[in-house]
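Thank you for making time for this one. I would like to walk through a single structure with you, slowly, and I will try to keep apart what the coordinates show and what they do not.

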Amino acid sequence: MLTLNKLKALRRVLVDAKRFYLTRIFGIDLHPTCQFSLSAYFDRTFPKGVHVGKESYVAVQSMILTHDRVRGLYVHTRVGKRCFIGARSILMPGVQIGDGCVVAAGAVVTRDVPPGCIVAGNPAKVIREGIDVLAYGRYRNADETTLRLKAEGLLD
Amino acid sequence: MLTLNKLKALRRVLVDAKRFYLTRIFGIDLHPTCQFSLSAYFDRTFPKGVHVGKESYVAVQSMILTHDRVRGLYVHTRVGKRCFIGARSILMPGVQIGDGCVVAAGAVVTRDVPPGCIVAGNPAKVIREGIDVLAYGRYRNADETTLRLKAEGLLD
Amino acid sequence: MLTLNKLKALRRVLVDAKRFYLTRIFGIDLHPTCQFSLSAYFDRTFPKGVHVGKESYVAVQSMILTHDRVRGLYVHTRVGKRCFIGARSILMPGVQIGDGCVVAAGAVVTRDVPPGCIVAGNPAKVIREGIDVLAYGRYRNADETTLRLKAEGLLD
């Protein structure tokens with residue numbers, strides 16, 4: 001556990017460093033409360049087009065694109081508030097993700113997503129509507145679920 | 001060829017080192033006979049949930065997930081024996097892959113897969129059933145196929 | 001901007017170094033005019049099977065595969081002229097991409113693609129035919145589009 005805690009502290013320092021150069025040097029618009037993985041990919045060809053809202057989470061190896069070389073497009077791609085952008089998902093250039101959305105792992109999002117939706121697949125489709133999430137796209141009962149798993153000894 | 005052989009020897013050392021820290025430090029359950037790429041991703045948020053069986057192969061950039069932040073889930077994801085988990089595929093948290101299965105490159109597996117199946121796509125679907133494979137998910141005639149290609153001079 | 005220009009110069013040096021070792025040491029067939037991202041993945045298990053044509057572009061994290069361990073296959077995978085192989089796409093072993101094609105980001109291409117097509121999805125499907133592109137798969141009006149966006153002040 002000590003080892004894991006030290007690794008977590010190191011990761012926090014590296015994430016802060018990444019946040020600094022992404023926002024200050026590249027001009028990417030990351031809300032101060034948003035969180036992201038070190039391996040999240042923000043398009044640096046048109047960095048000003050990346051927008052991530054309050055209390056959103058951008059998970060491991062996910063990719064937010066803002067340019068399209070084929071069409072010569074440089075556009076704004078927006079993630080709303082309280083979203084969860086899942087592992088290795090791709091947000092195509094120009095896509096807008098509404099508040100409180102969850103993008104499933106591996107999803108390739110080619111169209112705008114209305115607030116409160118879960119999208120999954122390639123191309124991504126809405127698989128659930130009207131979800132109601134807390135910060136970072138977490139379900140209201142997420143903490144409860146984790147505590148239950150712990151109580152049942154399933155996390156040891 | 002000398003260069004390639006040296007690279008392969010180096011890779012073997014690095015894979016052994018990765019195996020050591022994944023199993024001993026993180027507690028990931030990798031069968032001693034399973035093989036994996038250096039770039040394979042095993043979820044370290046709940047490392048004890050990762051299980052890879054005897055004589056299975058986890059290919060380049062594939063991802064085995066065991067937690068779901070959105071729902072607060074920390075679960076066990078299992079790969080059976082003699083499976084081949086293809087390049088850049090994703091096994092979603094909690095998924096169970098039966099013995100002797102092949103997960104195609106880029107597949108995103110969201111449901112359990114019965115033994116002896118090939119799955120592909122996002123979301124992954126069963127595209128073949130009842131396959132009969134040897135160790136590491138190899139077809140019985142795989143060596144024969146390779147020898148034939150060599151004999152035909154197609155590998156030079 | 002100075003910073004970005006210096007980064008671009010550094011990237012050019014690294015790309016040239018990668019081109020050198022891929023073609024001279026591994027024997028990968030990259031046309032001298034083709035361009036690729038540093039993070040593009042060319043299958044080194046059967047490197048001679050990779051072929052990328054004149055004035056084609058292989059984008060960030062895309063993957064060109066030439067072997068299939070399951071079936072013991074080592075085959076030739078070919079990208080034609082003036083193609084754009086999009087971010088994090090996968091070309092499966094043996095696939096042939098015709099001249100002037102665009103492979104969308106995240107696509108997993110499992111079948112040959114006729115010339116002048118756009119393919120997307122997993123498995124990838126043709127979503128447009130008969131496109132007419134310039135070098136690197138760019139639309140004829142791509143420069144014009146970019147200039148218009150600049151004139152409208154949308155790129156600042």
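I will go through confidence, the relation between the copies, the contacts between chains, the sheets, and finally the core.

Let me begin with the caveat that what you see is a predicted model. For the model as a whole the scores are an ipTM of 0.93 and a pTM of 0.95, and chain A has an average pLDDT of 94, with 97% of the residues scoring at least 70. As a general caution, where pLDDT is low, the predicted coordinates should not be read in detail.

Now to the arrangement of the copies. If we lay chain A on chain B, the operation is a turn of 120° with a shift of 0.0 Å along the axis, and the RMSD is 0.0 Å. Within chain A, the residue that comes closest to the rotation axis is Asn122(A), whose C-alpha is at 3.3 Å. As for the surfaces involved, the copies use different ones, since 5% of the contact residues of chain A recur in chain B.

Taking chain B onto chain C, we again find a turn of 120°, a shift of 0.0 Å along the axis and an RMSD of 0.0 Å. These two copies are therefore related as by a three-fold rotation axis. In chain B, the C-alpha nearest the axis belongs to Asn122(B), and lies 3.3 Å from it. Here too the surfaces used by the copies are different, with 5% of the contact residues of chain B recurring in chain C.

That brings me to the contacts themselves. Between chains A and B, 20 residues come from chain A and 14 residues from chain B. Which element of chain A supplies the largest share of its side? That is helix H2, residues 142-151 of chain A, with five residues. Sorted by class, this side of chain A consists of 10 nonpolar, seven polar and three charged residues.

Moving on to chains B and C, 20 residues of chain B are in contact with 14 residues of chain C. The side of chain B that touches chain C receives the most from H2(B), which gives five residues, and by class this side divides into 10 nonpolar, seven polar and three charged residues.

Since helix H2 keeps coming up, how many of its 10 residues in chain B are buried? The number is zero, so helix H2 of chain B, residues 142-151, lies largely in the open. I should stress that buried here means 20 or more other C-beta atoms within 10 Å of a residue's own. After H2(B) comes Gly153(B), which has a positive phi near 70°. In chain C, the number of buried residues among the 10 of helix H2 (residues 142-151) is also zero, so that helix, too, lies largely in the open, and just after H2(C), Gly153(C) has a positive phi of about 75°.

Let me turn to the sheets, starting with chain A. Six strands of chain A make up an open sheet of mixed pairing, in the order S2-S5-S10-S13-S15-S16, and the edge strands, S2 (35-36) and S16, each pair on one side only. Inside this sheet, strand S10 (residues 84-85) and strand S13 (residues 102-103) of chain A pair in the parallel sense over two bridges, and Ile85(A) has Val103(A) as its bridge partner in S13(A). By contrast, strands S15 (residues 118-120) and S16 (residues 125-128) of chain A run antiparallel and are joined by three bridges, with Val119(A) opposite Val126(A) in S16(A). The hairpin of S15(A) and S16(A) has four residues between the strands, and in this hairpin Gly121(A) takes a positive phi near 95°.

In chain C, I would point to an open sheet of four strands with parallel pairing, ordered S1-S4-S9-S12. Strands S1 (29-30) and S12 (96-97) of chain C stand at its edges with a single partner strand each, so one side of each is left without a neighbour in the sheet. S1(C) is joined by two bridges to strand S4 (residues 50-52) of chain C, and the two run parallel; Asp29(C) stands opposite His51(C) in S4(C).

Last, the core. The largest nonpolar core has 129 residues, and Val109(A), Val109(B) and Val109(C) touch the most other members. Leaving aside residues up to four places away in sequence, the contacts of Val109(C) include Ile90(C), Leu91(C), Val103(C) and Val119(C).

Methods: Residues numbered from 1 in each chain as written. Chains lettered and ligands numbered in written order. Predicted model: local features only at pLDDT ≥ 70, side-chain atom pairs only at ≥ 80, totals over all residues. Contact = placed C-beta atoms within 7 Å. Nonpolar A, V, L, I, M, F, W, Y, C, P; charged D, E, K, R; others polar. Buried ≥ 20, exposed ≤ 12 C-beta atoms within 10 Å, placed from the backbone. Least-squares fit on C-alpha atoms with pLDDT ≥ 70 in both. Pairing = 2+ DSSP bridges. pLDDT = per-residue confidence, 0-100. Core = buried A, V, L, I, M, F, W, Y, C linked by C-beta atoms within 7 Å.
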